[in-house]
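Hi,

Here is the structure I promised to send over. Have a look at it first, and my notes follow underneath.

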Amino acid sequence: MSIATDTRPIILTGDRTTGPLHLGHYAGSLKNRVALQETHRQFLLLADTQALTDNAHDPGKVRRNVLEVALDYLAVGIDPAKTTICVQSGLPALAELTMLYLNFVTVARLERNPTIKDEIHARGFGRDIPAGFLCYPIAQAADITAFKATVVPVGEDQLPLIELTNEIARRINRQVGHDVLPEACALIPDVGRLPGIDGTAKMSKSQGNAIPLSAAPDVIRDAVRRMYTDPHHLRVDDPGTVEGNVVFTYLDAFDTDRDAVAALKAHYRRGGLGDVAVKRRLEDILQALLEPIRTRRIALARDPGHVLEVLRSGTAAAREVTQATLDEIRHALGLFAVEFDAGSRSAAGGLPLYPSPHP
Ligand code: TRP
């Protein structure tokens, strides 16, 4: 289906290219994206310029991980014939939209954003916040609106960013007097965020508590062995706690046999079921889940030329879409340089000194 005739709702989502993706990404977003590409016009953004906002000291890492994340996408079943995978640094319209949107948001509004507040704290920026970092929510609003996405699958922590995006869209629409930008809805995954194997709130590569999608079988085995369970469940016969027990959280996320999981939980609570037995079941499930992903990933990595071509053609298609939106916004705002565009209303009659975009 060509872009012009595809009337399905538009999705934009993406990932900062700071490291290969892990099981938490799979449960929280990748699995959904594989399903959503059947029903939506889906764009996936490899957000390398956004990654620079807190990694300017290591652009090499950001660059290398564009291919790593692309391999992860393709390995889990994102199909480039159905989903457009594009690289942010190849889409200059996003930067130009960001420059325009900066004028529709106050610094105070950015500083009040709870997502940003948490992130500034977590990164220990103190008062030395890179301007690009403080403003990345505006750049993200540019990403979303440039594709005219109405559906944005993101984690719950990103909700304030969608709110800001819609505020910008409303402000611009009000300013120009018509709805040039649609508002977007967040699509929050129905599974909660997957904890790290150590039981801390979030699986993250930097915490060393993640299972990468490319993990070898012995890495998976070792991770499951080290997984946090119930520290008070010392003997097999002791009653155990299921809540906060990472092994059960993962079984909830990945074991499709709900009845079996319910029975295991009951047995564990009663006592008489050892951690080793539950972990063995989980390990089998994770090995079976990750084996085909790893195999595909290895095969794809042998042909980087193919992956590069997927990114090149996806980025070219995305460039058209994002440039078209930028052109619309430039026209709607009546920026002077639109007078130079071919076919401009006033081009034939010379440049008006006081252009009025809405006669
Ligand atoms: N912020 C997202 C992340 O941290 C990446 C991202 C960039 C994104 N632009 C986006 C997500 C637009 C959704 C929509 O991984």
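Asp255 is the residue I'd start with: its relative accessibility is 4%, so it counts as buried, the cut-off being under 20%. Keep in mind throughout that this is a predicted model. You'll find Asp255 in the loop between helix H11 (246–254) and helix H12 (258–270).

What does the side chain of Asp255 pair up with? One partner is Arg281, since the two side chains are joined by a polar contact of 2.6 Å. Another is the backbone nitrogen of Asp257, which sits 2.9 Å from a polar atom of the Asp255 side chain. Leaving out residues up to four places away in sequence, Asp255 touches Tyr250, Val261, Arg281 and Ile285.

Tyr250 is worth following up. With the same kind of sequence neighbours (up to four places away) left out, Tyr250 touches Leu23, Leu194, Pro195, Gly196, Ile197, Met203, Ile211, Met227, Asp255, Leu282 and Leu286. In the largest nonpolar core, which has 49 residues, Tyr250 and Ile211 are the ones that touch the most other members. Helix H3 (residues 59–76) gives the most to this core, eight residues in total. There is also a second, separate core of 44 residues, and Cys86, Leu110, Ala146 and Val321 are among them. As background, nonpolar side chains tend to be buried together in soluble globular proteins.

Val247 is another one to click on. It lies in helix H11, and at 2% relative accessibility Val247 counts as buried. Setting aside neighbours within four places in sequence, Val247 is in contact with Met227, Tyr228, Thr229, Val278, Lys279 and Leu282. Val247 and Leu282 are 35 residues apart along the chain, yet their C-alpha atoms are separated by 7.1 Å.

Now the ligand. Which residues come nearest to it? Of the 14 around the ligand, they are Asp15, Arg16, Gln50, Gln140 and Asp143. Here are the polar pairings I'd look at:

- Asp143: an N or O atom in its side chain is 2.8 Å from a nitrogen atom of the ligand.
- Gln50: a polar side-chain atom lies 2.9 Å from a nitrogen atom of the ligand.
- Arg16: here a backbone N or O atom is involved, 3.2 Å from an oxygen atom of the ligand.

On its own the ligand has 360 Å² of accessible area, and the protein covers 89% of that. Strand S1 (10–16), strand S2 (41–47) and helix H8 (136–146) each supply at least two residues of the shell around the ligand, with S1 giving the most, five residues. Sorted by class, the shell has six nonpolar, five polar and three charged residues.

Finally, the overall picture. The protein has 14 helices and five strands, and its C-alpha atoms fill a box of roughly 90 × 45 × 40 Å along the principal axes. Of the 359 residues, 48% are buried. Among contacts with a separation of 6 or more, 75% are between residues 24 or more positions apart. The protein exposes about 17900 Å², and carbon and sulfur atoms supply 55% of that area.

Cheers

Note on methods: Residues numbered from 1 in each chain as written. Predicted model: local features only at pLDDT ≥ 70, side-chain atom pairs only at ≥ 80, totals over all residues. Heavy atoms only, no water. Near = heavy atom within 4 Å. Polar contact = N/O pair within 3.5 Å; in protein donor to acceptor, adjacent residues only side chain to side chain. Areas by Shrake-Rupley, 256 points an atom, 1.4 Å probe, with all protein chains shown as cover. Helix = DSSP H or I, 4+ residues; strand = E, 2+ residues; numbered from the N terminus. Nonpolar A, V, L, I, M, F, W, Y, C, P; charged D, E, K, R; others polar. Core = buried A, V, L, I, M, F, W, Y, C linked by side-chain atoms within 4.5 Å. Buried < 20%, exposed > 50% of the residue type's maximum accessible area, 1.4 Å probe, protein only. Contact = heavy atoms within 4.5 Å.
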